[in-house]
Amino acid sequence: QELTHRVKFYVGDACNLDESLGKFDLVFGGNLIDRLPDPAKFLKDVKNFVNPNGILILTSPYTWL
């Protein structure tokens, strides 16, 4: 409960995020990269939303099956 003021959730187009959202200590992209129309653009731009020494977590359902 004491951390709720420090957590924000946003929903939007990951390839067209507005930089006015600011920078974050943690950016999580779960099962995202393989669903984007332009994954390279997302990877190029996402650094603008991560604070220095922040963490970017990307997960993907890709398997070797």
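Me: What counts as a contact of A14, and which residues qualify once neighbours within four places in sequence are left aside?
Reply: L32, L36 and F42 do, leaving aside the neighbours of A14 within four places in sequence. Contact here means heavy atoms within 4.5 Å. A word on the source: this is a predicted model, with residues numbered from 1 along each chain as its sequence is written, and side-chain values use heavy atoms, with hydrogens and water left out. Local features need pLDDT of at least 70 and side-chain atom pairs count only at pLDDT 80 or more, whereas totals for chains, interfaces and linings use all residues.

Me: What makes A14 part of a nonpolar core, and which residues join it?
Reply: The largest nonpolar core has 9 residues in all: A14, C15, V27, I33, L36, F42, V46, F49 and V50. The name applies because such a core is a set of buried Ala, Val, Leu, Ile, Met, Phe, Trp, Tyr and Cys residues joined through side-chain atoms within 4.5 Å. Buried means under 20% relative accessible area, exposed over 50%, and partly exposed in between, with a 1.4 Å probe and protein chains only. By that rule, 17% of the 65 residues in the chain are buried.

Me: Why is L26 called buried, partly exposed or exposed?
Reply: The relative accessibility of L26 is 48%, which falls between the two cut-offs, so L26 counts as partly exposed. L26 lies in strand β1.

Me: What makes L26, F28, I55 and I57 a nonpolar patch?
Reply: Patches are built from residues with over 30% relative accessible area and no salt bridge (a side-chain nitrogen of Lys or Arg within 4 Å of a carboxyl oxygen of Asp or Glu). Like charges are joined within 9 Å, and nonpolar side chains (Val, Leu, Ile, Met, Phe, Trp, Tyr) within 5 Å. L26, F28, I55 and I57 form such a patch on the surface, with about 390 Å² of accessible area together, by the Shrake-Rupley method with a 1.4 Å probe, where only the protein chains shown count as cover for residues. At least two residues of this patch come from each of β1 (24-30) and β2 (50-59).

Me: How do you know where the strands and the helix are?
Reply: They are DSSP runs numbered from the N terminus: helices are H or I with at least four residues, strands E with at least two. The chain has 1 helix and 2 strands, in the order β-α-β from the N terminus on.

Me: Why is N53 called exposed, and how does N31 rate?
Reply: N53 has 83% relative accessibility, past the exposed cut-off, so N53 is exposed. N31 has 40%, in the range between, so N31 is partly exposed. N53 sits in strand β2, and N31 in the loop between β1 and α1 (39-45). Neither is a glycine, yet phi is positive in N53, at about 65°, and in N31, at about 50°.

Me: What makes S60 partly exposed, and which residues does S60 touch?
Reply: Its relative accessible area of 32% lies between the cut-offs, so S60 is partly exposed. S60 is in the segment after β2 and touches N31, I33 and D34, not counting residues up to four places away in sequence.

Me: How do you know how confident the prediction is?
Reply: By pLDDT, the predictor's confidence in each residue, from 0 to 100. The chain has a mean of 89, and 95% of its residues reach 70 or more.
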